Protein chains: 2
Amino acid sequence: MIPLKELFEEARVLDSQDSLAAFRQDFFIPDSPVIYLDGNSLGRLPEKTRTRIMEEIDFRWGTRLIRSWNEQWYHLSQETGDLIAQVIGADRGTVIVCDSTSVNLYKLVMAAIKARPGRFTILSDDLNFPSDLYVIQGIIQQLGSGYRLELIHSADGLSVHPEDIGKHLRSDVALVVLSHVAFRSAWMYPMKEVTDHVHRAGALMLWDLSHSAGAVPVDLSGSGADLAVGCSYKYLNGGPGAPAWLYIRKDLQETLQSPVQGWFGADDPFNFGLDYKPADGIRRFLAGTPPVLSLSSIPAGVNMILQAGMPSIREKSVRQSDWFIRKVKDHLVSSGYSLQSPENSVFRGSHVSVSHPNAREICHQLIHDQPEVIPDFRKPTIIRFGITPLYTSYTDLAYALTGLEKHASASSGAREIPGEVT
Amino acid sequence: MIPLKELFEEARVLDSQDSLAAFRQDFFIPDSPVIYLDGNSLGRLPEKTRTRIMEEIDFRWGTRLIRSWNEQWYHLSQETGDLIAQVIGADRGTVIVCDSTSVNLYKLVMAAIKARPGRFTILSDDLNFPSDLYVIQGIIQQLGSGYRLELIHSADGLSVHPEDIGKHLRSDVALVVLSHVAFRSAWMYPMKEVTDHVHRAGALMLWDLSHSAGAVPVDLSGSGADLAVGCSYKYLNGGPGAPAWLYIRKDLQETLQSPVQGWFGADDPFNFGLDYKPADGIRRFLAGTPPVLSLSSIPAGVNMILQAGMPSIREKSVRQSDWFIRKVKDHLVSSGYSLQSPENSVFRGSHVSVSHPNAREICHQLIHDQPEVIPDFRKPTIIRFGITPLYTSYTDLAYALTGLEKHASASSGAREIPGEVT
């Protein structure tokens, strides 16, 4: 049994020493608060984003109307990209916000394949987020003869040793596409080491940073990575389905061509010429008109991350994750739980996964508990807890731990809980 | 000279007889109102959309958080598609809201080309919106050997005779892509007649309805058209960059394949299987996570259109456009203006274009007049006036007419006005 009184007292003390604690007030916390540990799926609403959206609606759309395109909206994709760039160690002019992660991945993979003629293999792993694999499968089918997707198999289902990648890097590999932090286990690749491997084999490296941006320090520029994509609605707190972003290393931008040549990526879209000429730089990877309200909901959250600083965020994330993991190991193994994330924080992102034979039912009980505890469930037996240092407290984690213990014997009946969106 | 007193008196009487006049109150009209005649670029903000967005922010995102995906968001793309379907004469389950018009066009053109093997020509016209041509040019380049885009030339720059299309419909035409209403002149094709021509030649027909949906009655189903795309931010009043939509005729859905295979188009996205299997029906053309705030801003505006009814909207649109055109012809030709839209309403959408050698400067003066009059400018000499019957009054048009006369002699100096986004 977890000693409840001691657990919550320990959490209280740790919270009182937390230098990032004040950021929690900058998020919208509803009257009936929940213990929210799913910021790895959908980040909380920053108060400043509320204000910004209302301004976009009443002033920009309602009052200035079409004039807002000139006054603000036209450069929003690039300006927001430059903000996100600061979170992931990228240079100005190398990141742009647009479309969804899947569409951005499609554009970059298509462009990368063309940039490596004579090479026919795209390499990934079976820890990768399925949508990434689906997109690549579609491209392979489209390109036809000879092209193939090769998946590195994770022996333990949690991790892939970077050296295993080396074994697959034959001379026909055009491109390697990996999630830097795996969505299920939070396994985190050493970015520079892997990128160096890939480059030595003459292939291009594309990182999916959906579970990394705002979660762990990333040095895209220092890693030498060629390409990256990521979403804005998890640790960046950009709101549901907020447009994603893409990164192209500066020196590659003029050599790559987007397969989707829309007017926002054209050199002079308002000239309305009949022939497409790509814009200079990263802008050429825009396609159509961006969804302004969803785009405007990104900057405030990113600014909070920049204000707190990724080193402080990472430090708290590791402390909280380590604390949570230690409690699981000390008190919950006997209830049937096992850790499904790397124990070494060097190889772990900012969520912690545990498994239990009754995981589905336990998740259901947690969500309907008092207070409600919201993690997420991943088939067949995984419960994920997102650690989001700007608003996660140790007390939140204490509630999660006690909930796990309390519901461990929940019947593993057939009750369905609906899927959730990472 | 326009007789001012009579003009405004006539407008006042016509406004008092307008059965749709009350709808104007359902839009957000700022304290310092402008004469807004650019609803063909960006529709006004419906009051109910304001309310809806605030609810999405505070309740759905802020309070329910990740649970909102199950409770509301997951089906929003389809539900909103079914709403728009009612505006364009399409069956339930044939329209879905997602991505931008450019991305949707890309997906459908790629799918259509695969569905017509052995045919290598895509046919369009030089009245089409440039982004559509850019997208097709990118596809042609990607497909390589043998594929070509053929553009039907408009002799007068305003229109293309439907019979001219017939001449281009050789047996290697796979697909015809046309804007139903041309963005510059408002020229409107007879949809069924053209579609029949195209089908007799064994090609597929794809309509861009960006300037049609909510502007003119459309009977997609009755026309037999195969495919369509359109935006939501013009006459549908869905807000800046609101996600676009796409239409696939029911019997074609299972035979077409999206080139961008994202998880939202997969059969069971939350199973997180490694292999893509497309969802049944229209949903397979979804790619990534949709931008929820921008998506939620669409339904209220569409509902207003359904409430007013397209026949009433069209009737007022034609009346207002005819009135405006008659005044231009009676009073403004001597000031150097000429009509650049079809005079016959049967072949005209819901905007009216006039040209003048000093158009750029005139536009600048109108926008900075008192009251401000907002049309839009299209190079080199076109001024477009959007007629949006749910909120356009005859008095608005009277202000525009007097402004045109007043500023006709504006110096055609080099002063730049920035481009605007249709």
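Here are four short exercises on this predicted model, each with a worked solution.

Residues are numbered from 1 along each chain as its sequence is written, and chains are lettered from A in the order in which they are written. In this predicted model, local features need pLDDT of at least 70, side-chain atom pairs count only at pLDDT 80 or more, and totals for chains, interfaces and linings use all residues.

**Exercise 1.** Work out how chain A is laid on chain B.

*Solution.* Start with the superposition, done by least squares on the C-alpha atoms of residues with pLDDT of at least 70 in both copies. A turn of 180° with a shift of 0.0 Å along the axis lays chain A on chain B, with an RMSD of 0.0 Å. The two copies are thus related as by a two-fold rotation axis. Next, look at the interface: 100% of the interface residues of chain A are also interface residues in chain B, so the copies meet through the same surface.

**Exercise 2.** Find the residues that B:R50 contacts, leaving aside its neighbours within four places in sequence.

*Solution.* First place the residue: B:R50 lies in helix α2 (residues 47-64) of chain B. Helices here are DSSP runs (H or I, at least four residues) and strands likewise (E, at least two), numbered from the N terminus. Then list the contacts (heavy atoms within 4.5 Å): A:I57, A:D58, B:F28 and B:L45.

**Exercise 3.** Describe how helices α4 and α11 of chain A cross.

*Solution.* Take the axes, which are lines fitted to C-alpha atoms over the stretch in contact, with angles from 0 to 180 degrees between N-to-C directions. Those of α4 (residues 76-87) and α11 (residues 299-308) of chain A come within 10 Å and cross at roughly 30°. Angles under 35 degrees count as roughly parallel, and α4(A) and α11(A) are therefore roughly parallel to each other. Now see who meets whom: A:T80, A:L83, A:I84, A:Q86 and A:V87 in α4(A) meet A:P299, A:V302, A:N303, A:I305 and A:L306 in α11(A).

**Exercise 4.** Trace the open sheet of four strands in chain A.

*Solution.* The order is β9-β10-β13-β12 (chain A), with antiparallel pairing; two strands pair if DSSP finds at least two bridges between them. At the edges, β9 (338-339) and β12 (376-378) of chain A each pair on one side only. Three bridges join β12(A) to β13 (residues 382-386) of chain A, and A:R378 has A:I382 in β13(A) as its bridge partner. Finally, add helix α12 (residues 310-332) of chain A, which packs on the sheet and touches β9, β10 (351-355) and β13 of chain A.

Notes:
Side-chain values use heavy atoms; hydrogens and water are left out. Angles under 35 degrees count as roughly parallel, over 145 as roughly antiparallel, 65 to 115 as roughly perpendicular and the rest as oblique.
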